[in-house]
Amino acid sequence: NTEKLSSARFAEATDAFVEEFTASVTFDQRMALQDIQGSLAHAAMLGKIGILTEQELADIRRGLAQIEGEIERGEFVWSIKQEDVHMNIEARLTDLIGIAGKKLHTGRSRNDQVATDIRLYLRDEVANILLQLERLQSALLDVAEREADTIMPGFTHLQVAQPVTFGHHLMAWFEMLSRDKDRLQDCIKRINVMPLGAAALAGTSYPIDRFMTAELLGFSRPSNNSLDSVSDRDFAIEFAAAGSLIMMHLSRFSEELVLWASAQFDFIDIPDAFCTGSSIMPQKKNPDVPELVRGKSGRVAGHLISLLMLMKSQPLAYNKDNQEDKEPLFDTVDTLLNCLRAFADMMPHVKAKRDNMYRSAKRGFATATDLADYLVRKGMAFRDAHEVVGQAVRLGLESGRDLSELTLVELQNFSNTINEDVFEILKLEGSVALRNHIGGTAPEQVRKAIAAARLQMAG
Ligand code: ARG
């Protein structure tokens, strides 16, 4: 079938370039199965209200089942003459079953059809994204459990600040992903509303049953306003915003992994399977996966802006502009699925170099705050203690020693309240163990946080 769409109205054929320029089938065929799903529900409803006979409905079901098979086997012939996924499928249906195929579009427009397809598609993909996100979360919980006692330097300004546990650091990542999960789940509430029945923009004169189609398609309800239904893409923008946050988080994780894998940090080993070499430098092992994920985060943020710009000046109701929503949306889905998957696969195999982490934490006077807190417990005001410890750090710097390596006599020169017990808190283990409250870095708290997270994920 190569006839022009609504050809009767036109005296001339479409310009060949314009045909190509306006077609979307090269990319929107991705929604083919959702298009069929939507058509099946619409046809069932038309059958129920008496617009299709039982025979016509049966023909439509048989035809669409055959088309679905052809698409799945890669046999379906897509044609840009038929512009988009919707017209391609409808034309093939009419080829296969004749007159009943021509009745399928009764009371429907491509405007409500495409809006329905995107929502069905996105609903499926958000579920897939949530699965990958949860895979990554479980991987993080496992590594955090393994590394609950592992001490590393915690940083502010990328300068050693206070010792933390590696498990605690990984649980910080976990928290970011929990918020991402909430956002996606919230997004589903607004994706899962059905536009079908809005027709071109004003609704339809047929006695359609929108509750029936909504139920058949698993939507929570039919949309409230036909004009809004065919022109709303808020849900896509929200999804891209949630996706941008996910990618921003993955990019931050990536940046840390790249730093930690460098010879200068040397905190972790990323397994060979997730790295590649250099074509010129034989010694190189590059952390390609996190680097690429960091790089890809920009695409999704770009898609968010594209979608916002796409919508911002559109008058009601449908405009062809909306066809431009698909590529950013699809690429957002692909990028999220691939990046989350790569991270979920990689994280269980990232090895902590515990000794290096420990040594690094010892080098940066990470327990200076602990010494100040110790002096406060002995009765000194915090601001004075801060000053005293500053002097002790200076002595350490000048003599090339950590605070724990200063002698008791040297420390007592700064304050005579200092006793032998100071060395316990100057040890990294003592420092982290003391931060034993909800949200703190003590191994005991990290284990509690992991247990709570596991419960939350199971529930
Ligand atoms: N391919 C179109 C899109 O992606 C389908 C809707 C076309 N509607 C129309 N009135 N031209 O938005």
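This is a short talk on the domains, the ligand shell and some helix packing in one structure.

Okay, hi everyone. Before anything else, keep in mind that this is a predicted model.

Let's start with the overall layout. The domain assignment splits the protein into domain 1 (7-106), domain 2 (111-146 + 165-208 + 220-358) and domain 3 (360-458). Between the C-alpha centres of domain 1 and domain 2 there's 31 Å. Where those two touch, 15 residues come from domain 1 and 15 residues from domain 2. On the domain 1 side, helix H2 (25-28) and helix H3 (32-48) are the elements that put in two or more residues. H3 has the largest share there, with 6 residues. If you sort that side of domain 1 by class, you get 5 nonpolar, 7 polar and 3 charged residues.

Now the ligand. Where does it sit relative to domain 1 and domain 2? Both domains give residues to the shell around the ligand, so the ligand lies between them. Around it you'll find Ser24, Asp28, Asp84, Arg110, Asn111, Val114, Tyr318, Lys320, Asn322 and Gln323. By class, that shell comes out as 2 nonpolar, 4 polar and 4 charged. And which helix gives the most to it? That's helix H7 (residues 110-146), with 3 residues.

H7 also packs on H3, so to speak of the pair: their axes come within 9 Å and cross at roughly 120°. That angle makes H3 oblique to H7, and the crossing is right-handed. On the H3 side the contact is made by Gln34, Asp35, Gln37 and Gly38, and on the H7 side by Gln113, Thr116, Asp117, Leu120 and Tyr121. In class terms, that's 2 nonpolar, 5 polar and 2 charged residues.

Next up, helix H11 (residues 234-261), and I've got two partners for H11 to show you.

Partner one is helix H13 (residues 326-346): the two axes come within 10 Å and cross at roughly 30°. With that angle, H11 is roughly parallel to H13, and the crossing is left-handed. From H11 we have Ala236, Ala240, Gly243, Ile246, Met247, Leu250 and Phe253, facing Pro328, Leu329, Thr332, Thr335, Leu336, Cys339 and Phe343 of H13. The class count for this contact is 11 nonpolar and 3 polar, with no charged residues.

Partner two is helix H8 (residues 166-191), which packs with H11 at an angle of about 170°, the axes being 9 Å apart. That makes H8 roughly antiparallel to H11. H8 brings Trp173, Met176, Leu177, Asp180, Arg183, Leu184, Cys187, Arg190 and Ile191, while H11 brings Asp234, Phe235, Glu238, Phe239, Ala242, Leu245, Ile246, His249 and Phe253. Here the split is 12 nonpolar, 1 polar and 5 charged.

Last bit: two backbone spots to look at on your screens. The peptide bond from leucine 316 to alanine 317 is cis, with omega near 0°. Alanine 317 is in the loop between helix H12 (288-311) and H13. The other one is glutamate 83, which isn't a glycine and still has a positive phi of about 65°. You'll find glutamate 83 in the loop between helix H4 (54-72) and helix H5 (85-97).

That's it from me, thanks.

Definitions and conventions
Residues are numbered from 1 along each chain as its sequence is written. This is a predicted model: local features need pLDDT of at least 70, side-chain atom pairs count only at pLDDT 80 or more; totals for chains, interfaces and linings use all residues. Axes are lines fitted to C-alpha atoms, for helices over the stretch in contact, and angles run from 0 to 180 degrees between N-to-C directions. Helices (H or I, at least four residues) and strands (E, at least two) are DSSP runs, numbered from the N terminus. Angles under 35 degrees count as roughly parallel, over 145 as roughly antiparallel, 65 to 115 as roughly perpendicular and the rest as oblique. A crossing is left-handed if the near helix is turned anticlockwise from the far one by less than a right angle, and right-handed if clockwise. Two residues are in contact if their C-beta atoms, placed from the backbone, lie within 7 Å. Ala, Val, Leu, Ile, Met, Phe, Trp, Tyr, Cys and Pro count as nonpolar, Asp, Glu, Lys and Arg as charged, and the others, Gly among them, as polar. A residue is near a molecule or strand if its C-beta atom, placed from the backbone, lies within 6 Å of it. Domain bounds come from an automatic or database domain assignment.
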